[in-house]
Amino acid sequence: MTEPEPAEDAAAGALAPDGPAGQLVEAVEKDAGDASGMPLGSPMGSSSNVGGVPAGDLATLPAPAVVPAEPEPVSKIASPDELKSKAESEVIALLGKPVTTRSEGTGTVWTYRAGTCSLDVYFFLDVADNRRRALSYEMVPEDDLTQGCYKALKEAQHVQ
């Protein structure tokens, strides 16, 4: 003999066909949940609950704390690193016109001088926007005086 089915299962079975399709319908109904993702019939799965908190209690929850991110430190001292990826017009805006220019292979080298400081900026074609951009640089003297040298180059061009 078989056990009698509970009324809830009998009602679902009456609407579902017998066999594998009926089992699929029963499985879907059993696993189905409401918008909160909780199974139907679960105390936390009703539409009056949000994340386990009754809807009437949502207004009494404190607002989440907003903590501003700390800004990244920005060096106030100019560095030739700021030239990297800049278009030729942007380098002119920073340093003015170069003292000399020369071609090297597929690139162009611009030279800037101020006193004993010398800066070569290497430009190559960026195929993404068809503009020449600074890929690298070489500075003489190459030591702890780099920032001072770069500042002197900018001042020599009267560009601040």
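The largest nonpolar core in this predicted model brings together 16 residues. Inside that core, the residues with the most contacts are Leu-83, Val-91, Leu-95, Tyr-112, Leu-119, Val-121 and Leu-153. Here is a quick tour of that core, and then of the sheet and the helix that packs on it.

**The nonpolar core**
- At least two core residues come from each of helix H3 (88–95), strand E4 (107–114), strand E5 (117–126), strand E6 (131–140) and helix H4 (146–156).
- The biggest share is from E5, which gives four residues to this core.
- If you would like a residue to start from, try Leu-83: setting aside neighbours within four places in sequence, Leu-83 is in contact with Val-91, Leu-94, Leu-95, Leu-119, Val-121, Ala-134 and Tyr-150.

**The sheet**
- Four strands make up an open sheet with antiparallel pairing, and their order is E3-E4-E5-E6.
- Strand E3 (100–104) and E6 are the edge strands; each has a single partner strand, so one side of each has no neighbour in the sheet.
- From one strand to the next, the twist averages 25°.
- In general, the strands of a sheet are paired by backbone hydrogen bonds, in either a parallel or an antiparallel way.

**A strand pair and a packed helix**
- Nine bridges link E5 and E6, which pair in the antiparallel sense.
- For an example of a bridge, look at Asp-120, whose partner in E6 is Glu-138.
- H3 packs on the sheet and touches E4, E5 and E6.
- The direction of H3 makes about 0° with that of E4.

Technical notes. Residues are numbered from 1 along each chain as its sequence is written. This is a predicted model: local features need pLDDT of at least 70, side-chain atom pairs count only at pLDDT 80 or more; totals for chains, interfaces and linings use all residues. Side-chain values use heavy atoms; hydrogens and water are left out. A nonpolar core is a set of buried Ala, Val, Leu, Ile, Met, Phe, Trp, Tyr and Cys residues joined through side-chain atoms within 4.5 Å. Buried means under 20% relative accessible area, exposed over 50%, partly exposed in between (1.4 Å probe, protein chains only). Contact means heavy atoms within 4.5 Å. Two strands pair if DSSP finds at least two bridges between them. Axes are lines fitted to C-alpha atoms, for helices over the stretch in contact, and angles run from 0 to 180 degrees between N-to-C directions.
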